[in-house]
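Work through the exercises below with the sequence and the model open. Each task is followed by a solution in steps.

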Amino acid sequence: MKTFTLAALAAATTALTGTAALADAHATTTLRIQTHYAPETESGRLAAAFVDNVQTMSNGEIAIEMFYSASVVKPTETFDAAASGILDCDMTGGAYQTGKNPAFQFVGDIMGGYATPYQQLSWLYYGGGLEAAQKLYNAYDMQLVGWWIYGQESFASTKPIAQISDLQNWKFRSPPGMETKIFEKLGATPIVMDFTEIFTALETGIIDGADASGLANNVGLGLYDIAKFANYPGFHSMPSDHLACNKSVWDGMPEAHQRIMSVSMESLALRTALTFEKKNAEAAAQLREEGVTLSEWSAADLQEFRNAAQSTWPEFATTPEAEALVESHLAYLKQLGLVQE
């Protein structure tokens with residue numbers, strides 16, 4: 001009788017364990033994510049492909065509702081909306097959060113540092129960047145899942161932007177943060193405004209130009225319908241757009257779902273960098289045919305910009321977290337030979 005009871009108990013335990021494992025295997029995750037990109041831009045299409053990959057690879061266990069063009073809250077408010085539970089994840093960029101801590105500048109857009117997306121991603125995954133950045137995000141109840149970097153940005157301008165002297169008294173839309181300090185040093189007048197306000201501000205002459213995105217995305221936004229001058233290749237800014245999720249939501253996801261999200265972000269990062277290598281070149285050819293003037297800055301002008309940018313890093317690194325990130329970047333930039341001792 002005792003033997004039978006033990007055997008029955010073991011069988012019941014096995015059945016319960018199997019049922020629990022099966023339930024966990026079929027757990028579902030529903031995520032509400034906002035991006036500031038419009039669905040018709042290249043980045044918007046890449047974001048849609050990311051959603052499709054995640055949902056397909058999870059066999060439908062992860063369902064994502066993507067909000068494009070900052071349709072729920074403003075781009076700068078997306079991080080807080082995710083942290084507070086209005087959304088689940090933020091797919092904008094860390095540089096929007098410099099008001100919380102200037103350290104976010106150095107995970108969002110270091111400016112004047114890395115030359116290619118691959119170098120910047122290398123810092124994140126192989127230079128200790130993800131671990132350093134994660135401490136910052138976790139302090140605000142968020143989890144950094146990954147980056148997608150489209151490369152160097154190009155300006156859109158209603159005035160010539162062929163050389164550094166053209167920045168004198170040039171009014172342009174700037175994101176918040178360190179960029180305003182750098183360009184003020186160079187004689188420009190940066191005006192911080194929301195991403196969604198750029199087109200109207202250009203159209204009405206409130207600004208002469210805009211730092212919005214890469215060349216191909218700017219075409220998708222219609223900026224060159226108004227602004228007939230641009231610089232290409234870009235040089236000044238290479239934002240790391242992020243996927244950052246509410247930490248409680250992230251911690252509540254099965255490990256398999258977390259892995260799918262993380263690996264899908266790595267795929268998105270590669271596809272984004274490769275796509276914009278091609279799309280920016282195509283956009284440049286198209287714009288030249290349409291009469292838009294594209295200017296490539298001289299090596300001397302580029303160096304003057306880098307000098308202004310790099311001299312601003314320590315001025316902006318006013319918290320321990322920011323100082324630590326700057327030190328991490330500088331060590332890796334020196335390792336890559338991009339900053340001299």
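**Exercise 1. A pair within one helix**

Is Glu282 buried, partly exposed or exposed? Then place Glu282 and its salt-bridge partners in the chain.

Solution. The model is predicted, and every value used here is computed from it.

Step 1. Buried requires under 20% relative accessible area and exposed requires over 50%. Glu282 has a relative accessibility of 36%, so Glu282 counts as partly exposed.

Step 2. The side chain of Glu282 forms a salt bridge with that of Lys279, at 3.7 Å from N to O. Lys279 has a relative accessible area of 26% and is therefore partly exposed as well.

Step 3. Both Lys279 and Glu282 belong to helix 11, where three residues, or about one turn of the helix, separate them.

Step 4. The pair is part of a network of salt bridges that links Lys278, Lys279 and Glu282.

**Exercise 2. Salt bridges between separate elements**

How many salt bridges does a search of the whole structure find? Describe the one between Lys100 and Asp80, and the one between Glu315 and Lys185.

Solution.

Step 1. The search gives nine salt bridges.

Step 2. In the pair Lys100 and Asp80, the closest N and O atoms are 2.7 Å apart. Asp80 is in helix 3 (residues 78-84) and Lys100 is in the loop between strand 3 (89-91) and helix 4, so this salt bridge ties together parts 20 residues apart in sequence.

Step 3. Lys100 is partly exposed because its relative accessibility is 32%. Asp80, at 38%, also counts as partly exposed.

Step 4. Glu315 and Lys185 meet through their side chains at 2.9 Å, N to O. Lys185 is located in helix 7 (residues 178-185) and Glu315 in helix 12 (residues 299-316), so the parts that this pair ties together are 130 residues apart in sequence.

Step 5. Glu315 has a relative accessible area of 44%, which makes it partly exposed. Lys185 is partly exposed at 41%.

**Exercise 3. The two domains**

Give the bounds of the two domains and describe the interface between them.

Solution.

Step 1. Domain 1 covers 30-151 + 238-285, and domain 2 covers 154-237 + 290-335. Their centres, taken over C-alpha atoms, are 21 Å apart.

Step 2. Contacts between the domains involve 43 residues of domain 1 and 40 residues of domain 2.

Step 3. The size of an interface is often expressed as the accessible area lost when the parts come together. For domain 1 and domain 2 the buried area is about 3,200 Å², and carbon and sulfur atoms give 66% of it. Of the area that domain 1 buries against domain 2, 22% comes from Phe106, Met111 and Gly112, more than from any other three residues.

Step 4. Zero salt bridges are counted between domain 1 and domain 2. There are, however, 16 residue pairs in polar contact across the interface.

Step 5. On the side of domain 1 that touches domain 2, at least two residues each come from helix 2 (42-57), helix 4 (105-108), helix 5 (117-126), helix 6 (129-138) and helix 11 (255-289). Helix 11 gives the most, with six residues. By type, the residues of this side are 23 nonpolar, 15 polar and five charged.

**Exercise 4. Two residues compared with the cut-offs**

Where do Thr92 and Phe229 lie, and what does each touch?

Solution.

Step 1. Thr92 sits in the loop between strand 3 and helix 4. With a relative accessible area of 0%, Thr92 is buried.

Step 2. The Thr92 side chain makes a polar contact of 2.6 Å with the side chain of Asp90. Beyond four places in sequence, Thr92 touches Gln34, His36, Pro75, Thr78, Asp241 and His242.

Step 3. Phe229 belongs to strand 9 (residues 229-231). Phe229 has 22% relative accessibility, and the cut-off for buried is under 20%, so Phe229 counts as partly exposed.

Step 4. Setting aside neighbours within four places in sequence, Phe229 has contacts that include Phe155, Ala156, Tyr224, Val292 and Thr293. Lys159 is also in contact with Phe229. The C-alpha atoms of Phe229 and Lys159 are 6.3 Å apart in space, while the two residues are 70 apart in sequence.

Key:
Residues are numbered from 1 along each chain as its sequence is written. This is a predicted model: local features need pLDDT of at least 70, side-chain atom pairs count only at pLDDT 80 or more; totals for chains, interfaces and linings use all residues. Side-chain values use heavy atoms; hydrogens and water are left out. Domain bounds come from an automatic or database domain assignment. Contact means heavy atoms within 4.5 Å. Buried area is the accessible area (1.4 Å probe) that two parts lose on being put together, summed over both. A salt bridge is a side-chain nitrogen of Lys or Arg within 4 Å of a carboxyl oxygen of Asp or Glu. A polar contact is a pair of N or O atoms within 3.5 Å; within protein, one must be able to donate a hydrogen and the other to accept it, and residues adjacent in sequence count only if both atoms are side-chain atoms. Helices (H or I, at least four residues) and strands (E, at least two) are DSSP runs, numbered from the N terminus. Ala, Val, Leu, Ile, Met, Phe, Trp, Tyr, Cys and Pro count as nonpolar, Asp, Glu, Lys and Arg as charged, and the others, Gly among them, as polar. Buried means under 20% relative accessible area, exposed over 50%, partly exposed in between (1.4 Å probe, protein chains only).
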